[in-house]
Amino acid sequence: MSIESLIQKGTVEGMKSLYGADLPENQVQVQNTRKDFEGDITVVVFPFLRYSKKGPEQTAEDLGKYLVENIETVENFNVIKGFLNLEISQNYWLGVLKSSFANSEFGLKPVTDDSELVMVEYSSPNTNKPLHLGHIRNNLLGFSISEILKANGKKVVMTNIVNDRGIHICKSMYAWKQWGNGETPESIGMKGDHLVGKYYVEFDKHYKAEVAELVEKGVSKEEAENQAPSIIAARELLRKWEAKDEETVELWKMMNNWVYAGFDVTYKTLGVGFDKIYYESDTYLIGKEEVLRGLEEGTFTRREDNSVWADLTGDGLDQKILLRSDGTSVYMTQDIGTAKMRFNDYSIDKMVYVVGNEQNYHFQVLAILLDKLGFSWGKDLYHFSYGMVELPSGKMKSREGTVVDADDLVDNMVEVAREMSADLGKLDSLTGDDAENTFKMIALGALKYFILKVDPRKNMMFNPEESIDFNGNTGPFIQYTYARIKSVLRKAADQNITIDENVTVESISSKEKDLVKRISLFPAAVEEAGDNYSPAIIANYCYELVKEFNQFYHDHTILGEADESVKNFRLVLASAVGQVVQTGMGLLGVEMPERM
RNA sequence: GCUCCGGUAGCUCAGUUGGAUAGAGCAACUGCCUUCUAAGCAGUAGGUCAUGGGUUCGAAUCCCGUCCGGAGUACCA
């Protein structure tokens, strides 16, 4: 049992025994004592005054005495106003340290056969352009939240729904046919996703010019946008694709494969992956079937123009279109189909969608529609809604070229990491691949931490003019601390020092105790991160831990310590911090270098 | 218009179910490398927690109003 719940229980019993009060356990506020005060754990007694009928100091005094007498690990107490600060025995803290030492499972809950199965959908790219910074946030959050759910004892299936069909890819296809001169990724040495994206932009350029030309001839803007030859041609391609025209389907396959090859490189760089990939071209027809079934069953209605609608006014929402008047499906239809297919494939207990907050409404509607269609799991789907990444110039828009490309960004960061290492004269001893891998590790560490440390629900600002920091509250700061720990441990091994997890020390300094206390909070941080779907909680925990370690490292020598038992304690402590940081940052998908 | 989300130091962000004197990093200024890695440590300075009310022993946190910003809002995904 954790020390917190031990004290909670003790407090309830104490209130009963002292004042005959029946206090519900959740009314007991137990928190970590603030640094400026003596003690380890604090109980706030203000809520108890109505039971004790005494002043806050007296109540705290009574309760303090009771807890010291009745709970072994509580050794002493002091009272300041309504705050009862308890001192916990050193042995308790050393016990925590021992359980975290050399234990890569510390803080994690085991996954068992009975564990809930959670499917996490993330990434979900369109296949007409390369990934950008917004996708990076999505991918990092999706991957990290999956790891965090696993750490909380869930079975997780990571999945990706690739939006591989529709007018957007037809635009790239048309432009490539028209102006591509048979270019391929190999022929011009460009990543496939970038090549296809190039023709998406090319399409837009021609399209805009055509519209402008028509408008000049006196055609209304709206009409011009519908009549421009390019858009007509792209629509024709979409129609041919739906009719399974061989040539069109071949072109579609070829260009999509270019994109997938490109995405794979980016995914690999980011260190993310999937257990199962769905393609919208496989699911949209299922969605249509489901909608038609709903129509037959009277859940949905058909209008005079042949379009199919859901009436959500009973749920406080509007009417929602599910099939267009020409019978084609919309985004919502496809998501219904995908959901059905997934639940056929897996016995999913919970479905999590990692999708931006601009689609809050969409998922609200999806949950209701699935429920109406009779899928019992519909209501329980969880939309992990994250905020946008904003640039100083405003929002990113693909077509307006105001995007930060994912591959470019990573390349830049690796370059910065390389220059920085050279400036600092680090890693001169490392050669070729080892050095290069470390640069990548640092660059990705900086990027991932930068993105994951902020509350996922909030919009965040990214300024491409200022490169991401490597000092202060950053990924490299944490990696650096880890590398230092590893360095000390290597030196200890060189001196043939064996580290004994059974620590015996007379007393430990306050900095050391702070560190052990911080380690003891890791399991709670993992749990909280899981409950709140927030990698940021893990990121901030790791930062606090490492910051505390650096203070300790600065003030105390480890290998230079003369007292053998103290030296051993500090080695166990350093090692445990390294272990926890590695586990924690691992939940963020950040790797830790042995040296940097 | 309506719905949802946000507003904390010059900038980027933390701040657990309401608790003690609101915290970090960056930027600025000052110290600390013959000692386990200075990508570090210590310090100075920087706040009307958008704003006005309310709830209470206690509010950055909960409720209401106002202002500002963002997103969504029936045939784009």
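**Helix packing, an aromatic pair and the RNA surface**

In the predicted model, E512, L515, V516 and I519 of helix α18 are in contact (heavy atoms within 4.5 Å) with F569, R570, L573, A576, V577 and V580 of helix α21. The residues of this contact comprise eight nonpolar, no polar and two charged; Ala, Val, Leu, Ile, Met, Phe, Trp, Tyr, Cys and Pro count as nonpolar, Asp, Glu, Lys and Arg as charged, and the others, Gly among them, as polar. Helices (H or I, at least four residues) and strands (E, at least two) are DSSP runs, numbered from the N terminus. The axes of α18 (residues 510–520) and α21 (residues 564–587) come within 11 Å and cross at roughly 35 degrees. Axes are lines fitted to C-alpha atoms, for helices over the stretch in contact, with angles from 0 to 180 degrees between N-to-C directions. The crossing is left-handed, that is, the near helix is turned anticlockwise from the far one by less than a right angle.

Residues are numbered from 1 along each chain as its sequence is written, and chains are lettered from A and ligands numbered from 1 in the order in which they are written. Local features need pLDDT of at least 70, side-chain atom pairs count only at pLDDT 80 or more, totals for chains, interfaces and linings use all residues, and side-chain values use heavy atoms, with hydrogens and water left out.

RNA strand B is surrounded by 61 residues (a heavy atom within 4 Å), the closest being F83, R324, K426, Y480 and H556. These residues divide into 25 nonpolar, 21 polar and 15 charged. Of the strand B atoms within 4 Å of the protein, 61% belong to sugar or phosphate and the rest to bases. Phosphate oxygens of strand B lie 2.9 Å from a side-chain N or O atom of R34 and 3.3 Å from one of K547. A polar backbone atom of Y553 is 2.7 Å from a base nitrogen of strand B.

Conventions:
A polar contact is a pair of N or O atoms within 3.5 Å; within protein, one must be able to donate a hydrogen and the other to accept it, and residues adjacent in sequence count only if both atoms are side-chain atoms.
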